[in-house]
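Visitor: I would like to learn how to read a structure like this one feature by feature, with the general idea before the particular case. Could we look at it together?

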Amino acid sequence: METINIVMAVYNGEAYIREQIESILASTYKNWVLTIYDDGSKDHTEELVREYVSQYPNQIQYVKNEKNLGHMNNFLTGAKKSQYDYVCFSDQDDVWNEDKLEITYHYMKEAEQKMTTLQPVVVFTDAQIVNQDLQELHPSFHQNSQLNTNALDFPHMLMENKMMGCTMMINRKVIDSLEELPVNGRFHDWWIGLIASGLGTIVYAPVATMKYRQHEKNVVGNISFLQYVKKRLLGLKEQKNALHLTILQPQELARS
């Protein structure tokens, strides 16, 4: 089995990180290495993680960033540094199903085997939305958000991200494309999605492989379609700025 590098970006994650690490340890796919990149936590995150590093020194690694990189670049930097052929992204506050890695890896290998030459591949899955106590709020992130997971071509991806970074797996070709960190990137998963849709392929696995926890400190949370419409109507200034950034993002990608 090939080794999968799980890149977890953390910041003040003491509340839920233990549950997430325990869920990864329970994975049915056993050949993985978890690298935890701490973006300057001020709580007991480092202390908790180092406990696991001492127990599982061959599988769990801890890296404290020299400076705060922010959510997007913490993930992208972690992926860029990976020496492995496959990378998955992990948030600090979710809970993975035990077959998450196994399912995602299966879809990845199936996609690669169909290619005559290896290209950038991204696989992403659905997720169950839960509250802070892991009680279900909705069985499907994509149904709740009304994101069209069939529209994964480059023109559609330019306008809207369809993917959840915490469900993604990328291959070596994507990793090698992360030479420079974007200045105008919106989110790490969207930036990677643009690379894959432009140069390779994106595969959606329509199965929930994890519990996507919603709580008051989420960096990027889930909202329903009606909440999304209301937000757009009430936050015109914010939407204008978002549209501007959405235009800048592909322009930077074209120059990279």
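Visitor: Which residue in β2 is the bridge partner of Ile4?

Guide: In this predicted model, pairing between strands is read from bridges, and the bridge partner of Ile4 in β2 is Trp32. That bridge belongs to the pairing of β1 with β2, which runs in the parallel sense over 7 bridges. On the connection between these strands, β1, α1 and β2 make a right-handed β-α-β unit.

Visitor: Which strand do 5 bridges join to β2?

Guide: The strand is β3, residues 60-64, and it runs parallel to β2; within this pairing Thr35 stands opposite Gln61. Here again the connection can be described, since β2, helix α2 (residues 45-55) and β3 make a right-handed β-α-β unit.

Visitor: How many residues of β2 are buried?

Guide: The general idea is to ask of each residue whether its relative accessible area falls under 20%. In β2, 7 of the 7 residues are buried, so the strand is largely enclosed by the rest of the structure. Trp32, Leu34, Ile36 and Asp38 point one way from β2, whereas Val33, Thr35 and Tyr37 point the other way, and the residues of both groups are buried.

Visitor: How would a helix be read in the same spirit, and which residues are buried in α3?

Guide: For helix α3 (residues 71-81), 8 of the 11 residues are buried, so this helix too is described as largely enclosed by the rest of the structure. The buried residues are Met72, Asn73, Asn74, Phe75, Leu76, Thr77, Gly78 and Ala79. They pack against β1, β2 (32-38), β4 (86-90), β8 (169-171), α7 (172-176) and α8 (188-199).

Visitor: Which residues touch the most other members of the largest nonpolar core?

Guide: The general expectation is that nonpolar side chains tend to be buried together in soluble globular proteins. In this model the largest nonpolar core has 37 residues, and Ile21, Leu34 and Ile36 touch the most other members. If neighbours within four places in sequence are left aside, Ile21 is in contact with Met8, Leu34, Ile36, Tyr52 and Ile60. Apart from this core lies another, of 27 residues, with Val7, Val122, Met168 and Leu178 among them.

Visitor: Turning to charged side chains, how many salt bridges does the count come to?

Guide: A pair is counted when a side-chain nitrogen of Lys or Arg comes within 4 Å of a carboxyl oxygen of Asp or Glu, and by this rule the count comes to 8 salt bridges. One of them joins the side chains of Lys109 and Glu2, at 3.1 Å from N to O. This pair links distant parts of the chain, with Lys109 in helix α4 (residues 100-113) and Glu2 in the segment before β1, 107 residues apart. Glu2 itself counts as partly exposed, at 28% relative accessibility.

Visitor: Which parts does the pair of Glu51 and Arg18 tie together?

Guide: The side chains of Glu51 and Arg18 meet in a salt bridge at 3.5 Å, N to O. Glu51 lies in helix α2 and Arg18 in helix α1, so the pair ties together parts that are 33 residues apart in sequence. As for accessibility, Glu51 counts as partly exposed at 33%, and Arg18 likewise counts as partly exposed at 35%.

Visitor: Is Lys162, which meets Glu160 in a salt bridge, buried or exposed?

Guide: The N to O distance of that salt bridge is 2.9 Å, and Lys162 counts as buried, at 4% relative accessibility, whereas Glu160 is partly exposed, with a relative accessible area of 30%. Salt bridges can also share partners, and those that do join Glu2, Lys109 and Glu112 into one network.

Visitor: For the backbone, what is the value of phi at Asn12?

Guide: A useful habit is to look for positive phi values in residues other than glycine, and Asn12 has such a value, near 50 degrees. Asn12 is found in the loop between β1 (4-10) and α1 (17-25), and counts as partly exposed at 32% relative accessibility. Gln146 also has a positive phi, near 55 degrees; this residue lies in the loop between α5 (141-145) and α6 (154-159) and is exposed, with a relative accessible area of 54%.

Visitor: Where does pLDDT stay under 50?

Guide: Where pLDDT is low, the predicted coordinates should not be read in detail. Here pLDDT stays under 50 over residues 231-237, for which the model has 3 contacts beyond four places in sequence. For the protein chain as a whole, the mean pLDDT is 88, and 84% of the residues reach 70 or more.

How values were computed:
Residues are numbered from 1 along each chain as its sequence is written. This is a predicted model: local features need pLDDT of at least 70, side-chain atom pairs count only at pLDDT 80 or more; totals for chains, interfaces and linings use all residues. Side-chain values use heavy atoms; hydrogens and water are left out. A nonpolar core is a set of buried Ala, Val, Leu, Ile, Met, Phe, Trp, Tyr and Cys residues joined through side-chain atoms within 4.5 Å. Buried means under 20% relative accessible area, exposed over 50%, partly exposed in between (1.4 Å probe, protein chains only). Contact means heavy atoms within 4.5 Å. pLDDT is the predictor's confidence in each residue, from 0 to 100. Helices (H or I, at least four residues) and strands (E, at least two) are DSSP runs, numbered from the N terminus. Two strands pair if DSSP finds at least two bridges between them. A crossover is right-handed if, with the strands pointing away from the viewer, the path from the first strand over the helix to the second runs clockwise.
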